[in-house]
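User: Hi! I'd like a close look at one part of this protein, and I'd be glad if you could walk me through it.

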Amino acid sequence: MDSDIEKLTKEVDIYRDTWVRFLGYANEMGEAFRALVPVSMVWASYAVATAYVSADAMDKGKKAAAEHGENPGRTTRVAAAVVDTFVWQALASVAIPGFTINRVCAASLYLLGRTTRWPLPVRKWTTTAIGLSTIPFIITPIDRSVDFLLDSSLRKIYGGGPKHEP
């Protein structure tokens with residue numbers, strides 16, 4: 001019951017608890033549609049995802065600054081919050097999923113070309129559907145892997161950081 005009360009009183013994080021979180025998936029959508037849209041649209045999707053990552057990192061820095069007031073070590077804590085959030089989000093929301101969806105779609109298009117006689121537009125739409133359907137399955141494993149990576153490396157330098165909930 002206490003956890004239910006904590007959930008109700010917990011501050012809503014606009015970057016993690018609202019529709020804004022989906023902006024972090026923009027590049028995955030761009031990669032899934034790569035076969036159908038101009039490459040400039042794919043790059044625009046990366047710009048949206050990068051803006052999301054940057055905004056979340058700045059938000060976590062502001063929250064860390066407010067939390068630590070004028071205490072000694074404030075600058076270090078703020079920097080750690082910004083770096084941890086930016087690196088985590090850049091890896092877990094942009095780089096790794098973007099690469100993964102890109103390769104899944106490229107392999108799908110290649111295999112469909114080699115194994116079917118479907119017209120190219122059908123193969124491209126099928127590739128996009130495969131890419132889009134892959135997204136929900138890769139999120140949690142990538143998030144957990146990036147947490148492990150940062151726990152094993154960067155977070156040891158500054159004494160840990162916040163875990164990121166998928």
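Which residue forms a salt bridge with Asp59, and how far apart are the closest N and O atoms?

Analyst: Happy to help! Please keep in mind that this is a predicted model. The partner of Asp59 is Lys63, and the closest N and O atoms of this salt bridge are 3.3 Å apart. Both residues belong to helix α4, where they sit four residues apart, about one turn of the helix. Their surroundings are not alike in exposure: Asp59 has a relative accessible area of 16%, so it falls under the 20% limit and counts as buried. Lys63, with 30% relative accessibility, is partly exposed.

This pair belongs to a wider arrangement. A network of salt bridges links Asp59 and Lys63 with Glu11, Asp13, Arg16, Asp56 and Lys60. Within that group, the side chains of Lys60 and Asp13 form a salt bridge with an N to O distance of 3.0 Å. Lys60 is in helix α4 (residues 39-68), whereas Asp13 is in the loop between α1 (2-9) and α2 (14-17), so this bridge ties together parts that are 47 residues apart in sequence. Lys60 and Asp13 are both buried. As general background, side chains of opposite charge can pair when their charged atoms come close.

Looking beyond the network, the model has eleven salt bridges in total. One of them joins Glu31 and Arg34, with 2.8 Å between the closest N and O atoms. Here Glu31 is buried at 4% relative accessibility, while Arg34 is partly exposed at 32%.

For contrast, here is the nonpolar side of the picture. The largest nonpolar core has twelve residues, among them Tyr25, Ala32, Trp88, Ile101 and Ile138. Helices α5 (74-115) and α6 each contribute at least two residues to this core, and α6 gives the largest share, with six. Ile138 also touches Glu28, Pro97, Thr100 and Ile101, leaving out residues up to four places away in sequence. There is a second, separate core of eight residues, including Ala49, Tyr52, Val53 and Val94.

One more residue rounds off the tour. Thr128 lies in helix α6 (residues 120-151) and is buried, with a relative accessible area of 1%. Apart from neighbours within four places in sequence, Thr128 is in contact with Ala32, Phe33 and Leu36. Ala32 is itself one of the residues of the largest nonpolar core.

Definitions and conventions:
Residues numbered from 1 in each chain as written. Predicted model: local features only at pLDDT ≥ 70, side-chain atom pairs only at ≥ 80, totals over all residues. Heavy atoms only, no water. Buried < 20%, exposed > 50% of the residue type's maximum accessible area, 1.4 Å probe, protein only. Contact = heavy atoms within 4.5 Å. Core = buried A, V, L, I, M, F, W, Y, C linked by side-chain atoms within 4.5 Å. Salt bridge = Lys/Arg side-chain N within 4 Å of Asp/Glu carboxyl O.
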